[in-house]
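Biologist: I would like to go through this model and ask for the reason behind each label. Please show it to me before we start.

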Amino acid sequence: MDLLGVLHLDELSRGLANLSMFPYFDMAHYMVSIMALREQPGALQVSRVSPLACWFSSMLFCFGGAVLSGIMLAEPPVAPLTNSTSVLLASVIWYLVFYCPMDLVYCGAALLPLRLVLSGMKEVTRTWKVLGGVTQAHSKYKDSLLVMIAIGWAKGAGGGLISNFEQLVRGVWKPETNELLKMSYPTKITLIGAVLFALQQTHYLPLQKHHLMLLYTIFTVVNKSRMMLTGSSASPFAAIESAIYKTLFTGYSPYAALTGEVKKPCTDNGTIDRTTSTATTKESGETRAAGRHTPVSAAKGQSESLKAKEESENAETTNCKKTN
């Protein structure tokens, strides 16, 4: 890419492409993943009740992408656990995060400067995982763009995609937290990376692999750091997602997303009509009820006037008798 050559970033991109993830970047990935597990509601209680269930959940957080991509490619799902060094390293970090005396490891890693560095290193590993999944799928299905995207997405965001199964290990069942129903930012950015790397592998994207790796890594690291520093969880693609959704998936005019002139659904009109008719019916009922009560009030008034007239006649008769 000429622009990267002008900016003297070509060597940096090649150095990044040749960077080894083990052990430091893998350690950062394990640390951030297990800390995320510990911060799940009820996870700390599970670690005290059943350390085995807690350890298994931690391994799913750390190796969930490799497990899910292996299942999709009809490979043994336990293959990622055959790397004894990685499993041992993840297990040591799991023990220190959950059971270190006085929570020294967790409290130290939770400090913003250190957590910022660890999260940035984890985003670097995301690039390698997505690229590894796309390359693995490309070696078996060279002409299938969809398979490459799916495997790259699964390998890069597998921990989130299998979150419901991981929750079952801890005795939690929350189907509404399914990532396919409401994607989190890591799942979205991983899907975008899988699409980009799949297009690059099939030569639809005229960009060299190491250049794309550098650009994607810089974007993910910078955006993740910005979100952590500002405390924002909003996706940077929210405006684009909203425009696409309103244009393609709501059934309105294509210009509604740009002008903001989106009409309410028919169901809302039906609700309003039903509410209006209900109110009208209620008013009519009250009017009829008032009409029914009116004769009763009139009859009551007439009886009172007759009673008063009789009392006055009786009083006159009594006076006449006394006078006589």
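Modeller: What follows is a set of questions about a predicted model, each answered by setting a value against a cut-off.

Biologist: How many helices and strands does the secondary structure come to?

Modeller: The protein has 15 helices and zero strands. Of its 324 residues, 34% count as buried. The accessible surface comes to about 19600 Å², and 65% of that belongs to carbon and sulfur atoms.

Biologist: What makes Arg38 buried or exposed?

Modeller: Buried means under 20% relative accessible area. Arg38 has 10%, so Arg38 counts as buried. This residue is found in helix α3. Leaving out residues up to four places away in sequence, Arg38 touches Ala43, Leu44, Val97, Phe98, Asp103 and Tyr106.

Biologist: Why is the pair of Asp103 and Arg38 called a salt bridge?

Modeller: The rule asks for a side-chain nitrogen of Lys or Arg within 4 Å of a carboxyl oxygen of Asp or Glu. For Asp103 and Arg38 the N to O distance is 2.7 Å, so the pair meets the rule. Asp103 lies in the loop between α6 (84-99) and α7 (104-109), whereas Arg38 lies in α3 (residues 24-38), so the pair ties together parts that are 65 residues apart in sequence.

Biologist: Why would such side chains pair at all?

Modeller: Side chains of opposite charge can pair when their charged atoms come close.

Biologist: How many salt bridges does this rule give?

Modeller: The count comes to seven. One of them joins Lys140 and Glu75, with 2.8 Å from N to O. That pair links distant parts of the chain, with Lys140 in helix α8 (residues 112-140) and Glu75 in the loop between α5 (51-72) and α6, 65 residues apart.

Biologist: What are Lys140 and Glu75 called in terms of accessibility?

Modeller: Partly exposed covers the range between the 20% limit for buried and the 50% limit for exposed. Lys140 has 45%, so Lys140 is partly exposed. Glu75 has 26%, so Glu75 is partly exposed as well.

Biologist: Where do Asp10 and Arg14 lie?

Modeller: Both are in helix α2 (residues 10-17), four residues apart, which is about one turn of the helix. They form a salt bridge, with the closest N and O atoms 3.1 Å apart. That value is within 4 Å, so the name applies. Asp10 has 22% relative accessibility and counts as partly exposed. Arg14, with 43%, is also partly exposed.

Biologist: How do you know how many disulfides the structure holds?

Modeller: A disulfide needs two cysteine sulfur atoms within 2.5 Å. The structure holds zero disulfides, so no pair of cysteine sulfur atoms meets that limit. Cys54 is buried at 2% relative accessible area, and Cys62 is buried at 5%.

Biologist: What makes a group of residues a nonpolar core, and which residues have the most contacts inside the largest one?

Modeller: The members must be buried residues of the listed nonpolar kinds, joined through side-chain atoms within 4.5 Å. The largest such core has 56 residues, and Val97 and Phe197 have the most contacts inside it. Among the elements that give two or more residues to this core are α3, α5, α9 (145-161), α11 (185-201) and α12 (209-230). Beyond its neighbours up to four places away in sequence, Val97 touches residues including Met31, Ile34, Met35 and Val105. In soluble globular proteins, nonpolar side chains tend to be buried together.

Biologist: Which nonpolar residues form a patch on the surface?

Modeller: Ile240, Ile244, Tyr245, Leu248 and Phe249 form one, with about 560 Å² of accessible area together.

Biologist: How do you know whether Leu248 is buried or exposed?

Modeller: Exposed means over 50%. Leu248 has a relative accessible area of 58%, so Leu248 is exposed. This residue is found in helix α13 (residues 238-248).

Biologist: What is Ala53 called, and how far in space is Ala53 from Arg170?

Modeller: Ala53, in helix α5, has 15% relative accessible area, which is under 20%, so Ala53 is buried. Ala53 and Arg170 are 117 residues apart in sequence and 6.3 Å apart in space, C-alpha to C-alpha. Outside four places in sequence, Ala53 is in contact with Val46 and Val169.

Definitions and conventions. Residues numbered from 1 in each chain as written. Predicted model: local features only at pLDDT ≥ 70, side-chain atom pairs only at ≥ 80, totals over all residues. Heavy atoms only, no water. Patch = residues over 30% accessible without salt bridge, like charges linked within 9 Å, V, L, I, M, F, W, Y side chains within 5 Å. Areas by Shrake-Rupley, 256 points an atom, 1.4 Å probe, with all protein chains shown as cover. Buried < 20%, exposed > 50% of the residue type's maximum accessible area, 1.4 Å probe, protein only. Contact = heavy atoms within 4.5 Å.
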